[in-house]
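Good morning, and thank you for joining. I would like to walk through one protein model, beginning with the chain as a whole and then turning to individual sites.

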Amino acid sequence: MCGIFGYVGTRTAEPLLLEGLRTLEYRGYDSAGIYVPEYGAVKAVGPIDALAAKLTEPVPGTSGIAHTRWATHGEPTEANAHPHQDMSGGVWLVHNGIVENYQELRDGLKMQGVSFTSETDTEVLVKLIGTLYKGDIADAVTNALAQVRGAYGLAVMSPREPDRIVVARMGSPIVLGLGTDGNFVASDPSALLAHTKDVIYLDDGELAVITADSHAVRTISTAEQREKRPERIEWDVEAMKKDGFAHYMEKEIFEAPQVIENTLRGRLITEKGRAKLGGMESVLDELSRLNRLQLVGCGSAYYASEVGRYWLEEYAGLPVEVELASEYRYKRNLPDTKSALLAVSQSGETADTRACIQKAKEHDLTTLGVVNAVGSTIARETDAGVYNHAGPEIAVASTKAFISQLTVFALLTLLIGRSRDMTQADGQAIARALEELPGVLQSVLKQAPKLQQVAERYADYRDTIFIGRKFHTPIAHEGALKLKEVAYIHAEGYAGGELKHGPIAMLDEQFPVIAMAPQDDVYEKMVSNIAEVKARKAPVLAFVSEGDTEVAQLVDDVIELPRVHPLVQPIVSTVPLHLLAYYVGIAKGYDVDKPRNLAKSVTVE
Ligand code: F6R
């Protein structure tokens with residue numbers, strides 16, 4: 001999604017702005033631009049390198065704002081790229097989000113003689129600020145925002161006040177970075193890491209003015225000063241590097257063992273078969289008395305929640321519902337005060353998932369979060385929650401965060417299960433399986449060369465179906481989602497038992513099936529499903545338990561996976577599926593880290 005970066009201080013701004021934009025590249029974008037009051041604005045369609053190539057002469061000035069745009073309304077053109085300016089060039093703005101009443105504002109401005117060169121809502125916003133600007137840019141922004149409905153994270157400058165940046169937030173993240181030789185602003189804290197770890201997260205309805213050596217936060221509606229204590233980001237700038245891997249996606253898949261260690265650290269009490277989650281302490285009693293739990297998420301976070309549902313029902317005896325966040329937010333919710341809503345989100349900023357939290361609050365439900373990005377909106381808006389501790393995920397396709405989401409669900413299953421009907425022995429078995437998981441995944445990753453060979457053979461098919469049963473049904477969906485995302489192959493995930501209710505009609509020699517067939521309690525059913533597929537001559541790649549000979553005889557390609565506790569099996573099965581998608585994507589020559597049309601965090605609906 002769009003990214004914002006800004007700096008005001010004593011250093012030359014232009015290289016900092018370009019560098020800031022590069023750290024935001026991973027979020028997905030199609031055009032970029034910078035504005036430096038002493039120089040002016042430069043914009044380009046395409047990569048940051050295209051923008052840098054236009055900056056051939058030294059750019060003077062120690063302040064500026066910058067933006068990466070991911071087109072939603074309006075093509076990715078230079079005209080639509082940010083920064084945008086008002087009529088006189090006296091106000092410049094970068095904006096993430098959507099102004100909902102832009103047509104009404106635009107009509108009003110037109111009557112005042114303001115003309116427009118684009119159809120964008122951002123142009124309306126900056127021109128509105130321009131008409132209200134009387135020498136104090138913070139006041140002009142405040143007065144303009146009083147008329148605006150919608151979501152925004154924005155940064156505004158005026159060449160008449162080059163030493164101030166005004167930022168504001170409503171629904172789209174803005175973080176201040178407090179540096180030693182100046183202050184920064186960004187839409188994503190990871191962009192600040194190279195300069196400072198001391199940050200202030202703006203809340204919705206807040207505006208801040210930053211200068212080289214000061215920052216002041218106030219509410220937009222009442223101009224009341226807010227004293228906000230800086231928070232420290234724990235992530236390291238090293239975590240943002242590729243570490244010799246060809247792509248972030250590859251690095252992040254290979255980080256799986258470490259990620260699991262980090263997610264589990266200090267949270268397992270193996271001898272008692274229990275889990276300890278500090279962020280959930282305040283709601284423990286409530287969790288043990290819940291009638292049901294509602295899980296919401298989007299994309300991979302939704303599939304992780306589906307796995308969580310199977311586990312919580314099977315091992316913890318807790319009824320669970322899972323909804324796509326984009327559906328939950330608009331459907332009728334039947335009030336049930338003995339339920340709680342748990343939102344799952346890597347970024348903690350996904351607009352649909354956030355909307356579910358608001359809706360749950362309106363129904364007086366306790367809201368919980370499973371979030372990776374520390375300090376993100378969902379982490380702050382929920383009543384209690386668990387951090388994934390997976391570290392920054394840069395590749396657009398979620399891999400290590402998905403693995404850590406599953407690990408958190410395993411911990412939640414222990415936590416909730418042991419307060420219900422899970423025995424100590426069952427808890428111990430799960431805890432031990434989790435402890436052994438990092439080592440198990442190391443051995444799975446050793447199969448990468450084999451997976452690459454297999455991937456190359458499957459790269460030329462146009463369509464495929466992933467099948468699984470029970471815990472592996474959502475894993476089949478996750479495998480299909482990854483293949484769609486990074487290899488642009490039409491892939492669907494199905495519960496194996498559903499094949500003969502429709503999709504089997506499509507199968508032939510050109511339509512491979514990828515089958516998840518570990519030796520669990522639905523293994524025999526899966527073997528029958530694979531036989532049905534083979535009878536239609538579809539090529540089959542199967543993921544099986546080590547030493548399995550039954551499936552191997554039936555299928556074309558086999559990948560053997562370690563035998564583990566059935567609860568952790570889906571985690572073991574996911575890593576090779578992520579590798580498969582990665583290798584097919586690179587075999588086809590695609591930019592797997594930044595798939596077309598996708599953005600890392602989807603902060604608009
Ligand atoms: C898939 C993927 C997306 C995200 C989804 C939710 O690889 O990355 O499907 O899982 O957009 O994002 P978060 O978890 O940030 O809410």
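Let me begin with the contacts in this predicted model. Among contacts in the protein chain with a separation of 6 or more, 71% are between residues 24 or more positions apart. The secondary structure comprises 19 helices and 27 strands. The radius of gyration is 25 Å, close to the 25 Å that the globule rule gives for 605 residues, so the chain is as compact as a globular protein of that length. Along the principal axes, the C-alpha atoms fill a box of roughly 75 × 55 × 45 Å.

Next, burial and surface. Of the 605 residues, 61% count as buried. The chain exposes about 22,700 Å², and carbon and sulfur atoms supply 48% of that area. As for charge, there are 61 positive and 82 negative side chains. The centres of these two sets lie 2 Å apart.

I now turn to the cysteines. How many disulfides does the count give? The count comes to zero. A disulfide requires two cysteine sulfur atoms within 2.5 Å. For Cys2, the closest cysteine sulfur is in Cys298, 17 Å away, which is too far for a bond. For Cys356, the closest cysteine sulfur is again in Cys298, at 7.3 Å, and this too is too far for a bond. Cys2 is buried, with a relative accessible area of 14%, and Cys356 is buried at 0%.

Let us move to one helix, H5, which spans residues 137–145. Is H5 mostly covered or mostly open? It is mostly covered, since seven of its nine residues are buried. Those residues are Ile137, Ala138, Ala140, Val141, Thr142, Ala144 and Leu145. Against what do the buried residues of H5 pack? Their partners are helix H4 (121–132) and four strands: E7 (150–157), E8 (165–170), E12 (206–211) and E13 (214–219).

Strand E8 also leads to the next site. Ser172 sits in the loop between E8 and strand E9 (175–178). Although it is a loop residue, Ser172 counts as buried, at 2% relative accessibility. Setting aside residues up to four places away in sequence, Ser172 touches Asn96, Tyr152, Gly153, Asp204, Arg354 and Thr603.

A loop residue with another environment is Lys446, between helix H14 (424–445) and helix H15 (448–458). Lys446 counts as exposed, with 67% relative accessibility. From Lys446 to Asp548 the C-alpha to C-alpha distance is 19 Å, and the two are 102 residues apart in sequence.

Finally, the backbone geometry. The peptide bond from His82 to Pro83 is cis, with omega near 0°. Pro83 belongs to the loop between strand E4 (63–69) and strand E5 (84–85).

Which phi values deserve mention here? His389 has a positive phi of about 55°, although it is not a glycine. His389 is in the loop between strand E22 (384–387) and helix H13 (400–418), and is partly exposed, with a relative accessible area of 36%. Asn597, also a residue other than glycine, has a positive phi near 65°. Asn597 lies in the segment after helix H19 (569–587) and counts as exposed at 65% relative accessibility.

To close, I return to two points: the chain holds zero disulfides by the count, and 61% of its residues count as buried. Thank you for your attention.

Technical notes
Residues numbered from 1 in each chain as written. Predicted model: local features only at pLDDT ≥ 70, side-chain atom pairs only at ≥ 80, totals over all residues. Heavy atoms only, no water. Helix = DSSP H or I, 4+ residues; strand = E, 2+ residues; numbered from the N terminus. Rg over C-alpha atoms; globule rule 2.2 N^0.38 Å. Buried < 20%, exposed > 50% of the residue type's maximum accessible area, 1.4 Å probe, protein only. Contact = heavy atoms within 4.5 Å. Areas by Shrake-Rupley, 256 points an atom, 1.4 Å probe, with all protein chains shown as cover. Lys, Arg positive; Asp, Glu negative; His and termini not counted. Charge placed at Lys NZ, Arg CZ, Asp CG, Glu CD.
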